[in-house]
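Please look over the sequence and the model shown here, with an eye to strand pairing and aromatic contacts.

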Amino acid sequence: MTVYVVSTVVWSDEFNTNGAPDSSKWSYETGTGNNGWGNNELQYYTNRPENVVVDNGVLKITAKRETYNGSAFTSARIVTKDRYSVKYGKIEMRAKLPAGGGTWPALWMLGNNINSVGWPACGEIDIMEHVGNDLNKIHGTLHYPNHSGGNGVSGSVVVPGVTTSFHLYSIEWDASFIKFYVDNQLYHTFNNNNETPFNNPFFFIFNCAIGGNFGGAVDPNFTSATLEVDYVRVYN
């Protein structure tokens, strides 16, 4: 007897309603790196439609060169903290990434318990990171105690055209492993166990940073660029 188990979507945002991101699913984290995310980034995160909006079925997070509240750039960072979190499953996001030296878009997750245990004890799952200064190289990384900053457990893959077309970024996550994929092609496997923080609920963060420790130098000709997300889906 063969048993087939069909995955079903248990949560998603299809970004089908124009305007601000759905406030039942997302909130904004605003301000500069002094608010706690650091990394020597250059942007000021706002909740303005100039920086974050749902338009024609796509979430658009736009980083711009402009003077704003003492920063030389603006962008946006939205989170599902206190609204939605997930433990285990398949998670996928279809996205087109911003172009330009200094851009640093990320689709990632943090442990729900960050307020009580702090970072990196809460754990961090970077489903997709890309830096414009290293065009088309996609990173999937885990951060946790003894593996913070540049010491994360990471894999990478070169995918042509990430800034010119949409690609599928996904993970499969359970108590034994976290597997990272681009366009359903496996490129990194992390062996999970009960000693890691990756056995607790995590929430989503979508953002586009400018510069910083990983983003690097900003192209002097950079004016603006947009991270476009078609959808995020969680399967059981």
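The questions and answers below take up the sheet, a buried tyrosine, the aromatic pairs and the charges over rings.

This is a predicted model, in which local features need pLDDT of at least 70, side-chain atom pairs count only at pLDDT 80 or more, and totals for chains, interfaces and linings use all residues. Residues are numbered from 1 along each chain as its sequence is written, and side-chain values use heavy atoms, with hydrogens and water left out.

Q: Which strands stand at the edges of the open sheet of seven strands?
A: Strands are DSSP runs of E of at least two residues, numbered from the N terminus, and two of them pair if DSSP finds at least two bridges between them. The open sheet has seven strands in the order 2-7-16-9-10-11-12, with antiparallel pairing. Each edge strand has a single partner strand, so one side of each is left without a neighbour in the sheet; these are strand 2 (27-28) and strand 12 (153-158).

Q: What is the bridge partner of Thr141 in strand 12?
A: Strand 11 (residues 137-143) and strand 12 run antiparallel and are joined by six bridges. In strand 12, the partner of Thr141 is Ser154.

Q: What is the relative accessible area of Tyr45?
A: Tyr45 belongs to strand 3 (residues 43-45), and its side chain makes a polar contact (a pair of N or O atoms within 3.5 Å, one able to donate a hydrogen and the other to accept it; residues adjacent in sequence count only if both atoms are side-chain atoms) with the side chain of Gln43 at 3.2 Å. Buried means under 20% relative accessible area, with a 1.4 Å probe and protein chains only. Tyr45 counts as buried because its value is 0%.

Q: How many residues apart are Trp11 and Phe204?
A: Rings of Phe, Tyr and Trp (its six-membered ring) pair if their centres lie within 6.5 Å, and count as stacked with planes under 30 degrees apart, edge-to-face over 60 and tilted for the rest. Among the 17 aromatic pairs in the whole structure, Trp11 and Phe204 are stacked, at 5.7 Å centre to centre and 20 degrees between the planes. The pair links strand 1 (residues 9-13) to strand 16 (residues 202-210), and the two residues are separated along the chain by 193 residues.

Q: At what distance from the ring centre does Arg233 lie over the face of Tyr231?
A: A charge sits over a ring if NZ of Lys or CZ of Arg is within 6 Å of the ring centre and within 35 degrees of the ring normal. Lys179 has its charged end over the ring of Phe177, 4.5 Å from the centre. For Arg233 over Tyr231, the distance is 3.5 Å.

Notes: Helix = DSSP H or I, 4+ residues; strand = E, 2+ residues; numbered from the N terminus. Buried < 20%, exposed > 50% of the residue type's maximum accessible area, 1.4 Å probe, protein only.
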